[in-house]
Amino acid sequence: MGFICVLVSRGPVVLAEYATTSGNFTDITRKIIDKISPNDSRMSYQHEKYFFHYLVERGLTILCMTDESISSRVSFLFLDEIKRKFSVYEGRWQSAPSFSFNQEFAPVLKEQIKLFEARAGSSLDAVRGELDEVKTIMVDNIGKIINRGDKLESLVEKTETFNAQSLNFRRSTSQLHNKLWWQNCKTNIFILIVFLAVFFAFAATVCGSSFQRCPGM
C-alpha cells in the first residue's frame, strides 16, 4: 500500500489532503493534528502496522500516514518535498480557510506519492540514507493517545545522539576488526618463526651444525 494519506494544515485547519485508498484514514489524521503542538518539530508514531510522520514549521503542519513498506527516512524526505512545493502559497496559507488549496494541490500530493513510493524501493537510496535515518522513537498505540486526549509531543522525544552513536559503533567495529587482523598476522609470523627454528634445529642435529653429513642441503 505504501503511502496511505497526506495532509497539509495550519494547526487543526486542513488546507489540502489526499488519500490513496478509501476508508477513514483522513478522519484519523485530522484527529492527530488536533493534538500536535504548533512548535517546530519532527516526529513519528506507530499504531500496529501503520506509521504517522509529521513535521511542523512556522505553524504549518504536514503529516503523512504510511504502512511499514515506507521507511521514516523516505517519509520525511517526502514531507520536506511537500513543504517545498507548498511554499508557493506563502503569504496566503496563513489566513486561508479550510481546504482552500485542495483542488489545485491534491494532484501535487498524488504525484509526489507516486514518485516517493518508487523511490522507497531504490536500494541506492537505502544505502545513501543509512546514517540519515530520522531520529525518532515510536509509540506503540496512537489510538490510546487520541482517546485520552494526551498531547503527542509529551510522549516521545527525538534522540539527537543516534547518528553519533551509530558512527562511533561503526568506528569501534572497524578498529576491532583491524586489531584482530593484525594480531592474527603476528600469531602467524610467530608460528612460522618457531617452525623454521625447529626445522633448522632438527636439520642441524641430523646433518651436523655445518650440514656436512647432508651434502644435498
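1. The exposed side of α3. Gln 103, Lys 114 and Ala 118 are exposed on one side of helix α3, the side away from its buried residues. The model is predicted, and all that follows should be read in that light.

2. The buried side of α3. Phe 105, Ala 106, Leu 109, Gln 112, Ile 113 and Phe 116 are the buried residues of this helix. Viewed down the axis of α3, they fall within an arc of 130°, so they line one face of the helix. The general rule behind such a pattern is that an α-helix has 3.6 residues a turn, so residues three or four places apart point the same way. Which elements do the buried residues of α3 pack against? They pack against β1, β2 and α2.

3. Length of α3. The helix has 19 residues. From first C-alpha to last it reaches 25 Å, close to the 27 Å expected at 1.5 Å a residue.

4. The sheet. It is open and has five strands, in the order β2-β1-β5-β4-β3. The pairing is antiparallel. β2 (13-19) and β3 (41-47) are the edge strands; each has a single partner, so one side of each is left without a neighbour in the sheet. From one strand to the next, the twist averages 15°.

5. The β1 and β2 pair. Strand β1 covers residues 3-10 and is joined to β2 by six bridges. The two run antiparallel. Cys 5 faces a partner in β2: it stands opposite Ala 19. Helix α3 (residues 102-120) packs on the sheet here, touching β1 and β2. The direction of α3 makes about 45° with that of β2.

6. Helix α2. Residues 72-86 form this helix, which lies across β1, β2, β3, β4 and β5. Helix α2 runs at about 40° to β4.

7. Strand β4. How many of the eight residues of β4 are buried? Seven are, so the strand is largely enclosed by the rest of the structure. The cut-off for buried is under 20% relative accessible area. β4 spans residues 50-57. On one side, seven bridges join β4 to β3, and the two run antiparallel. Here Arg 42 stands opposite Leu 55. β4 also pairs with β5 in the antiparallel sense, over eight bridges. In that pairing Phe 51 stands opposite Thr 66. When reading side-chain directions along these strands, recall the general rule. In a regular strand the side chains alternate between the two faces of the sheet.

8. The two hairpins. β3 and β4 form a hairpin with two residues between the strands. In this hairpin Glu 48 takes a positive phi near 55°. The hairpin of β4 and β5 also has two residues between its strands. There, Arg 58 sits in the turn, in the loop between β4 and β5. The phi of Arg 58 is positive, about 55°, although the residue is not a glycine.

9. Phe 99. This residue deserves a look of its own. Phe 99 lies in the loop between α2 and α3. Its phi is positive, about 60°, although Phe 99 is not a glycine. Is Phe 99 buried, exposed or partly exposed? Partly exposed: the relative accessible area of Phe 99 is 33%.

10. In short. An open, antiparallel sheet of five strands has α2 lying across β1, β2, β3, β4 and β5. Helix α3 packs on that sheet, touching β1 and β2.

Definitions and conventions. Residues are numbered from 1 along each chain as its sequence is written. This is a predicted model: local features need pLDDT of at least 70, side-chain atom pairs count only at pLDDT 80 or more; totals for chains, interfaces and linings use all residues. Side-chain values use heavy atoms; hydrogens and water are left out. Two strands pair if DSSP finds at least two bridges between them. Helices (H or I, at least four residues) and strands (E, at least two) are DSSP runs, numbered from the N terminus. Axes are lines fitted to C-alpha atoms, for helices over the stretch in contact, and angles run from 0 to 180 degrees between N-to-C directions. Contact means heavy atoms within 4.5 Å. Buried means under 20% relative accessible area, exposed over 50%, partly exposed in between (1.4 Å probe, protein chains only). The expected span of a helix is 1.5 Å times one less than its number of residues. The arc is that of the directions from the helix axis to the C-beta atoms.
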